[in-house]
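Colleague: Could you take me closely through one part of this model, starting from a single position and then working towards the interior? I would like the terms spelled out as you go.

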Amino acid sequence: MFYIKVDNLYTRAKLLEYLKLNGVNAAFHYVPLHSSGAGLKFGRFNQIDEFTTVCSENLVRLPMWFGISKDKQKKVIEKLHDALVQ
């Protein structure tokens with residue numbers, strides 16, 4: 001998995017929107033265990049969540065996989081760069 005970490009949830013949302021509008025299918029998918037369906041049902045969280053939720057809100061998973069073409073890699077990089085230097 002290839003991902004980047006942005007500053008906050010707003011930035012992540014704007015980045016994902018920009019990438020989608022430009023044909024790059026990036027996503028987020030990490031849900032902290034303590035707030036996932038199974039975590040809520042079967043687990044317990046006894047501490048203060050100082051980091052996990054905030055970190056999960058800042059991750060953007062990039063569309064990279066074994067066999068991705070050089071052209072697609074270049075497009076992901078270019079669009080990511082364009083979005084982040086605006």
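Modeller: Helices (H or I, at least four residues) and strands (E, at least two) are DSSP runs, numbered from the N terminus. With that naming, Phe 45 sits in the loop that runs between α2 (37-42) and α3 (52-57). This is a predicted model, in which local features need pLDDT of at least 70 and side-chain atom pairs count only at pLDDT 80 or more, while totals for chains, interfaces and linings use all residues. Residues are numbered from 1 along each chain as its sequence is written, and side-chain values use heavy atoms, with hydrogens and water left out.

Phe 45 counts as partly exposed because its relative accessibility is 41% (buried is under 20% relative accessible area, exposed over 50% and partly exposed in between, with a 1.4 Å probe and protein chains only). Along the chain Phe 45 is 12 residues from Leu 33, and their C-alpha atoms are 9.4 Å apart in space.

Moving on to helix α3, we find Ser 56 there, and this serine counts as buried because its relative accessibility is 6%. Once its neighbours within four places in sequence are set aside, Ser 56 is in contact (heavy atoms within 4.5 Å) with Arg 12, Tyr 30 and Pro 32.

For the interior, the largest nonpolar core is made up of 12 residues in all: Ile 4, Val 6, Leu 15, Leu 16, Leu 19, Val 24, Ala 26, Val 60, Leu 62, Val 76, Leu 80 and Ala 83. Such a core is a set of buried Ala, Val, Leu, Ile, Met, Phe, Trp, Tyr and Cys residues joined through side-chain atoms within 4.5 Å. The elements that contribute two or more residues to this core are α1, β2 (59-62) and α4. Leu 15 shows how these parts meet, since apart from its neighbours within four places in sequence, Leu 15 is in contact with Ile 4, Val 6, Val 60, Leu 80, Ala 83 and Leu 84.

Two of the contributing helices also pass one another: the axes of α1 (residues 9-21) and α4 (residues 70-84) come within 10 Å and cross at roughly 135° (axes are lines fitted to C-alpha atoms, for helices over the stretch in contact, and angles run from 0 to 180 degrees between N-to-C directions). On the α1 side Leu 15, Tyr 18 and Leu 19 take part, and they meet Lys 79, Leu 80, Asp 82, Ala 83 and Leu 84 of α4.

On either side of α4, Ser 69 lies in the loop between β2 and α4, and Val 85 lies in the segment after α4. Ser 69 is partly exposed, with a relative accessible area of 33%, whereas Val 85 counts as exposed at 54% relative accessibility. Asn 8 gives a reference point for both: the C-alpha atoms of Ser 69 and Asn 8, which are 61 residues apart along the chain, are separated by 30 Å, while those of Val 85 and Asn 8, 77 residues apart in sequence, are 16 Å apart.

Finally, Asn 25 belongs to the loop between α1 and α2, where it is exposed, with a relative accessible area of 64%. Asn 25 and Arg 44 are 19 residues apart in sequence, and from C-alpha to C-alpha they are 34 Å apart in space.
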